[in-house]
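Hi everyone, thanks for coming. Let's get the structure up on the screen so we can walk through it together.

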Amino acid sequence: MTDEIMGCNLRIQSQSKVMDEDEQLVVAAKDDPEAFGELYDKYYPQIFRYIYRRTLDVSLTEDLTSNTFFAALRHIGRFKWRRIPFGAWLYRIATNEVNMHYRNKRPPTISLDAPDEKNRQLIGSLEVVNADAEENLVRLEEYATLHKAILTLKPKYQTVITLRFFEDKTIDQISAITGAKEGTVKSQLHRATEQLRETLTQWGAKEC
Amino acid sequence: VLKAMNEEQRFIKYLENIKPPQVGSPNHRLSLRRELFNEIERRQKMASRKRRLKIIYVVAALVCLSALAFAGVTYIRKWHFVGEKDGAYVFEKDLTQYVDVKWKGRTYKLGYFGLKTFVTMGAESKEQAEKDLYEIEKLRAEGKRELLEVVEKKIDNGETIEIYKYKYVLSDGREVVMNEGSPEEEKELNKSPEGIQAEVQKKFEQKQKEREEKVRRARQEGKREEITKVAELEISGKVFRGYLAKYKMPDGSEVDVPEGDAENVLRSALGQKEFDQLTKDIMEKKGESLNPEEREIEGRKFIFSRSKFKLSDGREVIYSEGEPSK
């Protein structure tokens, strides 16, 4: 019990320390490019990875990541720390960028073929973090099929599924990112999971 | 149901076990970093240019009382765009208000003049400046501002005034520093119509008493030095004339004393309504300009500026105002 309490306290303390550092950087970043650079270095990998997992297209990911950070730079003066953490704010901008991209495009064409050759080839040109290239290729193939099914969902469902299962975000973190209440997030997740399962079952591609 | 639940749980487990591809793009990471830094640099240059221009918002206030009686009610409380000056957008709000005051059985219409000027050099457009202006007014009313400092400044007439520098944070994050008057002046500018009425009545009574006392003493003890102003109204071939004469008091001070009863004679000749309208038109310089004239009054030459007015009954009136010729 004591350990649990201590562990809990430690976690809270460590979380609040991270927030403090970010908070200071955000305040400084309004005038200091170096501070913005630090935030960029810290969050670029997460945002790039998230957008890639939403789009599975590297050049599109690069464009949308650029848009995200430029938007953050433009609006950092208006960022209010008390509302959401800076990281969640960046995720929110990235989510808007991705959803806007899909809104402006025709709905993606879903193919039941194997993952695109394009993505197979791209894997070689990408920076692979914590995984060797071969393992990553396997991951990509598996993920690509799932991603196609995810693309059939509404953007808000795509968002919660990606954040929950592939970005390991908790319900309250997703709530901060999307701006929806936790109860809403839970029900969105439930519906999204259900629809995704049905789609994959229809495709016969589910590997449970 | 159980089967469905099991399937759902299994599916969630499946999703949780998916290992998404790890990805990054070092070249893009570096090039975006560079682009962002260039953008920050560009913004800093812009900001320093803006700082040089400085978002100077000035609220200048002038409140005065007129002892001249005239009729008509104008009540303008809206900001209006005056023009651009040296890259700044200038807006004005006319706070003029006319109130009725009573003195010895007579009613006088007095003008309570107020003018607020808003000058901005930082806004990117006239529309932006106007939007800022209303937002600043709202923030001021809500007390959402920070007093940075109070500085003393000598103005043209040699008086020293206090300038209060307040910082306002606009909704888009811009910080604006306003040079404003003292809290007392601000109170003065934001009086209710009833407050203005009461104040004007009080000040007018006080001034009239002082004036009457001075005139009485001047006539009793003083010596008329010279006529300083002549006002004439010519109507249907009849001329009504009034003077303003300078009297020197025994203590060396000088007092301007009105002489003649032209105003009262004219008022009864025209009727109160017509008289009020005419004096208002004269004040607002609504007449048709005529050529000036030079004439001698009591051995002294005066230059008369002249204008022609039309009464509601169609009669014409020529108003002449003479100042000593230099």
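I'll go through how the chains meet, then the cores, and then the charged side chains. One thing to keep in mind: this is a predicted model.

Okay, the interface. How many residues of chain A are in contact with chain B? The count is 45, and on the other side 29 residues of chain B take part. Between them, chain A and chain B bury about 3,900 Å², with 64% of that on carbon and sulfur atoms. There's some polar stuff too: eight residue pairs are in polar contact between chain A and chain B. As for salt bridges, the rule finds one across this interface. That is Arg33(B) with Asp41(A), at 2.6 Å from N to O.

Which elements does chain A use to touch chain B? Those giving two or more residues are H2, H3 (58-75), H6 (133-150), H7 (155-166) and H9 (182-203), and they are helices of chain A. H2(A) gives the most to that side, with 12 residues.

Now the cores. The largest nonpolar core has 67 residues. Among those with the most contacts inside that core are Phe69(A), Phe86(A), Phe166(A) and, from the other chain, Leu15(B). Helix H2 of chain A, residues 33-55, shows up again here: H2 gives the most to this core, 11 residues.

Let's zoom in on Leu15(B). What does Leu15(B) contact, leaving aside neighbours within four places in sequence? The answer is Leu146(A), Ile161(A), Phe165(A), Phe166(A), Thr193(A) and Leu196(A). Apart from this big core there is another one, with 12 residues, including Leu233(B), Phe309(B), Leu311(B) and Tyr319(B).

On to charges. Side chains of opposite charge can pair when their charged atoms come close. Over all chains, a search of the whole structure finds 21 salt bridges.

Let me show you a few in chain B. Lys144(B) and Glu142(B) pair up at 3.3 Å, N to O. Lys144(B) is exposed, at 51% relative accessibility, while Glu142(B) is partly exposed, at 39%.

Next up is Arg306(B), which forms a salt bridge with Glu293(B), with the closest N and O atoms 3.6 Å apart. Arg306(B) sits in strand E13 (residues 300-310) and Glu293(B) in strand E12 (residues 288-297), both of chain B, so this pair ties together parts that are 13 residues apart in sequence. Is Arg306(B) buried or exposed? Arg306(B) counts as buried, at 16% relative accessibility, whereas Glu293(B) is partly exposed at 30%. These two also belong to a network of salt bridges, which links them with Glu232(B), Arg241(B) and Arg295(B).

Last one, and it's a bit of a puzzle. Glu274(B) is in helix H7 of chain B, residues 272-283. Glu274(B) is buried, yet has no salt bridge. Why no salt bridge? The nearest side chain of opposite charge, Arg315(B), is 5.2 Å away, and a salt bridge needs the nitrogen within 4 Å of the carboxyl oxygen, so that pair doesn't count.

What does Arg315(B) pair with, then? Arg315(B) forms a salt bridge with Asp313(B), where the closest N and O atoms are 2.8 Å apart. Both partners are partly exposed, Asp313(B) at 45% and Arg315(B) at 31%. And Asp313(B) is itself touched by Glu274(B), along with Leu311(B) and Ser312(B), not counting residues up to four places away in sequence.

That's my tour, thanks for listening!

Note on methods
Residues are numbered from 1 along each chain as its sequence is written. Chains are lettered from A and ligands numbered from 1 in the order in which they are written. This is a predicted model: local features need pLDDT of at least 70, side-chain atom pairs count only at pLDDT 80 or more; totals for chains, interfaces and linings use all residues. Side-chain values use heavy atoms; hydrogens and water are left out. A nonpolar core is a set of buried Ala, Val, Leu, Ile, Met, Phe, Trp, Tyr and Cys residues joined through side-chain atoms within 4.5 Å. Buried means under 20% relative accessible area, exposed over 50%, partly exposed in between (1.4 Å probe, protein chains only). Helices (H or I, at least four residues) and strands (E, at least two) are DSSP runs, numbered from the N terminus. Contact means heavy atoms within 4.5 Å. Lys and Arg count as positive and Asp and Glu as negative; His and the chain ends are not counted. Buried area is the accessible area (1.4 Å probe) that two parts lose on being put together, summed over both. A polar contact is a pair of N or O atoms within 3.5 Å; within protein, one must be able to donate a hydrogen and the other to accept it, and residues adjacent in sequence count only if both atoms are side-chain atoms.
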